[in-house]
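Dear colleague,

I am handing over the structure we discussed, for your own reading. Please look through it first; my notes on what was found follow below.

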Amino acid sequence: MSAERLVAEPVNYLTDGWTIRSWLLTHDHKRIGLLYLASITGFFFLGGAAAALIRFNLLTPEGALVSAETYNRLFTMHGIIMVWFFLVPAVPVTLGNFIVPLMIGARDLAFPRLNLFSWYLFMIGGLVALYALFFGGVDTGWTLYTPLSTSYAKGHVVAAVVGIFISGFSSIATGLNFMITIHRLRAPGMTWFRMPLFLWSLYATSVIMVLATPVLAMTLILLSLERLFGIGIFDPALGGDPLLFQHLFWFYSHPAVYIMILPGMGVVSEIVTTFARKKVFGYKFIAWASIAIAVIGFFVWGHHMFVAGQSLYASLVFSILSYLVAVPSAIKVFNWLGTLHKGTIRFDAPMLYALGFIGLFTIGGLTGLFLASLVVDVHVTQTYFIVAHFHYIMVGGMVSAFFGGLHYWWPKITGRIYPEMWGRVAAILIFFGFNLTFFPQFILGYLGMPRRYHSYAPEFQILNILSTAGSTILAAAYLLPLGYLTWSLVWGERAPANPWRATGLEWRTPSPPPTENFAEIPTVTEEAYNYPPPEVAQQHG
């Protein structure tokens, strides 16, 4: 009987070829998205293991677990893996790859072969970076500041730089593919202001990828030339400018913050409107806010350099611009709250992750305003206040959005329903574990504990113990989805085409979708998120 049922099942992208070759040479955007998902999951847990060792080392003031030299290598490994091989690619290359063609009513991305090539570039870059980190190590921190990285650092700095350099081309290829796909392959009737907000956020992200990543590539080439051949680019003893590296690095790396967070904002926009059963509040404001963040983000890199020696006038300008870039982010938060107002809200796991994102991102954003102030930044720079702020935005925000999107589209991706109760438990544990881990670090930083130190003054121990306790809860919470999502692949209930009763073209296909996505290209005749008014929804609920 099971064999008959197997034969009767329609062919979908998962069953259209079972060999390893059919996966490794696929041009199907959905399969490539899953290849990326498997890859970044591995990188996430590698980076997380390094973070766990860092936190356990900081249980005691003397740092008894590892040596100072090993500690430097651990926080460098954690930073490089998490930033370039998880946070930057996470949402675009996994959820973006899978969902974008389905959302716009296309059969695939504009350049399927380039899409596959970008995954191979990503893997090659990642493996080269892992070689550098595990066989010799790097002790510069993920920011690779000169002259430490060019003249004094031990280990395989150039190999790590080559790995990041290669992965950058993967980002450029992905961004280019998304931009052209959104421009050229939208279904008939899907105008720009009928597009889902997830597409707006990915479009803005793609612009940053294409324009900013080449600057990082050039910077890494210059760093390698100085380290290998002694060419005076950044070293003042050779006629170089030590601040030049910081200007070039942060010109890429601050926009890269928005590469990480903008896709997460798009995910939250999709989830909030679906689970509030209500049309998104201020659609055009959220759409244009994504573009504004992408544009203004290119003009605020100097706030990372308030104590580096740049002119006071430049610092004042960058301070004002740093306040300005917070405005479109705040617009998004207020519009999400406006969408929730008087909505028919369901607190399923994706919604809990989205609400967690809003809370954690808001805390991270508000503390960013502290850092935009010259007088406060001078006091807390290079302390654990910076660590906490960065993680509230990147980990608390982006990772919550990533998990929210993964749960939201999991039935579409796999054709299976995950256990809802465990999804809710994981979302709540991540929120509380994260706050217990990182909120004490705001206090540590304000009190003056510097970051990246192997040991610390005894008066900071209690707060470090709290932070480490929170990290164990957070680690367990991150492992939970790996368990129950894997379980659902075998024992989960079959998913209908639209389990959330959401709008959007991706929900018009079977779960999981067929290889070609749509039997016929759909025609869009209405605006995005065309939910009935709340009073009508309640009457028919």
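In this predicted model, arginine 186 lies over the face of tryptophan 192, at 4.7 Å from the ring centre. A similar arrangement involves arginine 31, whose charged end sits over the ring of tryptophan 23, 4.2 Å from its centre.

Rings also pair with one another, and the structure holds 51 aromatic pairs. In one of them, the rings of tryptophan 301 and phenylalanine 318 have centres 4.9 Å apart; their planes meet at 65°, over the 60 degrees required, so the pair counts as edge-to-face. Tryptophan 301 belongs to the loop between helix H11 (283–296) and helix H12 (312–340), while phenylalanine 318 is in H12, so the contact ties together parts 17 residues apart in sequence. Both residues are buried. Elsewhere, ring pairs link Trp84, Trp142, Tyr145, Phe234, Phe245, Phe249, Trp250 and Phe390 into a cluster.

Trp84 also appears at the largest cavity, where it is among the lining residues closest to the centre, together with Val88, Pro89, Ser167 and Ser171. This cavity holds about 130 Å³ of space and is one of three of 30 Å³ or more in the whole structure. Its lining comprises 10 nonpolar, six polar and no charged residues. Helix H8 (157–184) gives the most, with six residues, and helix H9 (197–229) supplies at least two.

Lastly, helix H4 (residues 68–87) has 20 residues, which at 1.5 Å a residue should span 28 Å; the end C-alpha atoms are 27 Å apart, in agreement. Of these 20 residues, 16 are buried, so that H4 is mostly covered.

Yours sincerely

Terms used
Residues numbered from 1 in each chain as written. Predicted model: local features only at pLDDT ≥ 70, side-chain atom pairs only at ≥ 80, totals over all residues. Heavy atoms only, no water. 1 Å grid on protein atoms, 1.4 Å probe; cavity = no way out; pocket = protein on both sides within 12 Å on 5 of 7 lines; lining within 4 Å. Points joined across faces, edges and corners; volume = space filled by probe spheres on them. Helix = DSSP H or I, 4+ residues; strand = E, 2+ residues; numbered from the N terminus. Nonpolar A, V, L, I, M, F, W, Y, C, P; charged D, E, K, R; others polar. Expected span 1.5 Å × (residues − 1). Buried < 20%, exposed > 50% of the residue type's maximum accessible area, 1.4 Å probe, protein only. Phe/Tyr/Trp six-rings, centres within 6.5 Å; stacked < 30°, edge-to-face > 60°. Lys NZ or Arg CZ within 6 Å of the ring centre and 35° of its normal.
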